[in-house]
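Hi everyone, thanks for making the time this morning. Let me put the structure up so we can walk through it together.

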Amino acid sequence: GDTMYEEAIRVPIVVRLPGDEAAGTRIPDLVGLADIAPTIARLVTGKVPESYQGHDLFQSGDAPVLGDEQHVGNDVRSLVYRVKGGALWKVIMANEGNPRGMPAKSLFDLGKDPHEKTNLAAVGKGDDLRLALESLGKALEESAKGAVAKKAIEIDEKSKKHLEELGYIRDDKKQ
């Protein structure tokens, strides 16, 4: 999908380990795609490289989960996190004029509002929204520390033609 709402991003993950290790285990922690590589690394090698973001799914951890979507005119980021007392909240920040018509700032109490019907940012939860946006900003900064740097490269004409034939590159001028 191209939003950060629960119906698009909440996806179950099922893991089957050799010998039915940890069979029937349900992980109550917050987890995300960044947690898959550390889990596999620990299962295969016995350790998680320090450079990996995320954590092993089978080790306790309840770090906030950062979402990032930059596609078809959407520039959307979200953070799912626990507040004091254990309640699950989500903040979403979207670009103005996004094609999905999402508000620029949204805040949801997922425990009370799992279908994200009441945007608390729109009903006077200013301090909660400010703290949520600060947390999102910190999570984005932390995530960027381990991010792969973009690098532009030039490809030769033969490779470019081959990628065009495969449909990976489209020359809009030809159409």
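So, how many aromatic pairs does the structure hold? Just 1 aromatic pair, and please keep in mind that this is a predicted model. The pair is made by tyrosine 5 and phenylalanine 108: their ring centres are 6.3 Å apart and the planes sit at 75°, so we call it edge-to-face. It joins distant parts of the chain, since tyrosine 5 is in the segment before helix H1 and phenylalanine 108 is in strand E4, 103 residues apart. Are those two rings buried or exposed? Tyrosine 5 is buried, with a relative accessible area of 17%, and phenylalanine 108 is buried as well, at 2%.

Let's follow E4 into the sheet. Strand E4, residues 105-109, pairs with E3 in the antiparallel sense over 5 bridges, and there leucine 107 is the bridge partner of valine 91. On to strand E2, residues 74-82, which runs antiparallel to E3 and is joined to it by 7 bridges. Here valine 76 stands opposite alanine 94 of E3. The hairpin of E2 and E3 has 5 residues between the strands, and glycine 85 takes a positive phi near 90°. As for E3 itself, 6 of its 7 residues are buried, so the rest of the structure largely encloses this strand.

Last stop, helix H2, residues 36-45. Pro38, Thr39 and Ala41 are buried in H2. Why do they count as being on the same side of H2? Because they cover an arc of only 165° around the axis. Just after H2, glycine 46 has a positive phi of about 90°.

Thanks, all, and I'm happy to rotate the view for anyone.

Methods. Residues numbered from 1 in each chain as written. Predicted model: local features only at pLDDT ≥ 70, side-chain atom pairs only at ≥ 80, totals over all residues. Heavy atoms only, no water. Buried < 20%, exposed > 50% of the residue type's maximum accessible area, 1.4 Å probe, protein only. Helix = DSSP H or I, 4+ residues; strand = E, 2+ residues; numbered from the N terminus. Arc of directions from axis to C-beta. Pairing = 2+ DSSP bridges. Phe/Tyr/Trp six-rings, centres within 6.5 Å; stacked < 30°, edge-to-face > 60°.
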